[in-house]
Amino acid sequence: MSASWADAPSAGTVGVRLVKHGRTKITYPAHLLADDGERVTVRAPWAGEGVRDFGFVRFEPGDVLTEHFWRSRWYAVKEVRDAAGALKGWYCDVTRPAGLADGVLVVEDLDLDLWVPADGGGVLRLDEDEFAASGLERSDPVAAAAASAALDALEERARAGRLTELTAR
């Protein structure tokens with residue numbers, strides 16, 4: 001995968017493809033905000049269909065996500081705002097480092113997630129059961145260890161009130 005946006009389809013617009021267990025989960029267009037060679041930042045409306053109520057947050061039409069992906073880190077941090085611009089919180093996906101293929105940012109979801117509400121309290125580790133069931137610890141123990149370490153590091157930052165240091169420009 002290339003390291004630059006020279007082959008992106010058009011200035012300012014990129015595709016984002018989320019892959020899970022070898023299959024494309026969703027592909028959506030996003031506005032490229034920044035790419036410093038290590039971190040890629042995009043903004044996109046909520047790409048899911050309808051409302052997705054997780055119990056601790058609702059993703060719904062009109063929500064806007066500013067998403068930060070890294071080429072060498074095992075996670076993505078997504079700032080979630082409602083249609084009026086109010087911060088809901090940060091949804092952090094544990095992923096393999098992001099890459100670029102055919103003008104599309106490709107990110108492989110490794111099941112582990114972290115939710116940090118706007119007030120910074122009530123940090124939630126998510127989907128550890130899915131991660132255990134994925135078989136990654138057997139099939140790719142190095143990746144599994146990197147994923148677990150990434151979740152721990154994100155949680156530590158969030159609980160210390162330092163998550164936004166990752167997303168500051």
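Which side chains meet in a salt bridge at 2.8 Å, N to O? Select aspartate 63 and lysine 88: their side chains form that bridge. Keep in mind throughout that this is a predicted model.

**Stop 1: the charged network**

Stay with the pair on screen. Aspartate 63 sits in the loop between E5 and E6, and lysine 88 in strand E8, so their bridge ties together parts that are 25 residues apart in sequence. Is aspartate 63 buried or exposed? Aspartate 63 has a relative accessible area of 1%, so it counts as buried. Lysine 88, with 18% relative accessibility, is also classed as buried, because the cut-off for that class is under 20%.

Now add glutamate 60. The side chain of glutamate 60 meets that of lysine 88 in a salt bridge of 3.3 Å, N to O. This pair links distant parts of the chain, with glutamate 60 in the loop between strand E5 (58-59) and E6, and lysine 88 in strand E8, 28 residues apart. Glutamate 60 is partly exposed, at 23% relative accessibility.

Next, select arginine 58. Arginine 58 forms a salt bridge with glutamate 60, and their closest N and O atoms are 3.3 Å apart. The relative accessible area of arginine 58 is 38%, which makes this residue partly exposed.

To see the network as one, select Asp53, Arg58, Glu60, Asp63 and Lys88, which are joined by salt bridges that share partners. The structure as a whole holds 17 salt bridges.

**Stop 2: strand E6 and its neighbours**

Select residues 64-70, which make up strand E6. Why is E6 described as largely enclosed by the rest of the structure? Six of its seven residues are buried, so the description follows.

Show strand E3 (residues 39-45) beside E6. The two strands pair in the antiparallel sense over seven bridges. One place to look is threonine 41, whose bridge partner in E6 is histidine 68.

Then show E7. E6 also pairs with E7 in the antiparallel sense, over six bridges. A hairpin of four residues joins E6 to E7. Keep histidine 68 selected and look across to E7, where valine 77 stands opposite.

**Stop 3: the nonpolar cores**

Valine 77 leads to the next selection. Leaving aside residues up to four places away in sequence, valine 77 touches ten listed neighbours: Thr66, Glu67, His68, Trp70, Trp90, Tyr91, Cys92, Leu154, Leu166 and Thr167.

Which residues have the most contacts inside the largest nonpolar core? They are Val77, Leu114 and Leu154, in a core of 22 residues. To find where the core comes from, colour strand E7 (75-81), strand E8 (87-95), strand E10 (104-117) and helix H3 (141-159), each of which supplies at least two of its residues. H3 gives the largest share, seven residues.

Another core lies apart from this one. This second core has 13 residues, and Tyr28, Val40, Phe69 and Ala76 are among them. In soluble globular proteins, nonpolar side chains tend to be buried together.

How values were computed: Residues are numbered from 1 along each chain as its sequence is written. This is a predicted model: local features need pLDDT of at least 70, side-chain atom pairs count only at pLDDT 80 or more; totals for chains, interfaces and linings use all residues. Side-chain values use heavy atoms; hydrogens and water are left out. A nonpolar core is a set of buried Ala, Val, Leu, Ile, Met, Phe, Trp, Tyr and Cys residues joined through side-chain atoms within 4.5 Å. Buried means under 20% relative accessible area, exposed over 50%, partly exposed in between (1.4 Å probe, protein chains only). Contact means heavy atoms within 4.5 Å. Two strands pair if DSSP finds at least two bridges between them. A salt bridge is a side-chain nitrogen of Lys or Arg within 4 Å of a carboxyl oxygen of Asp or Glu.
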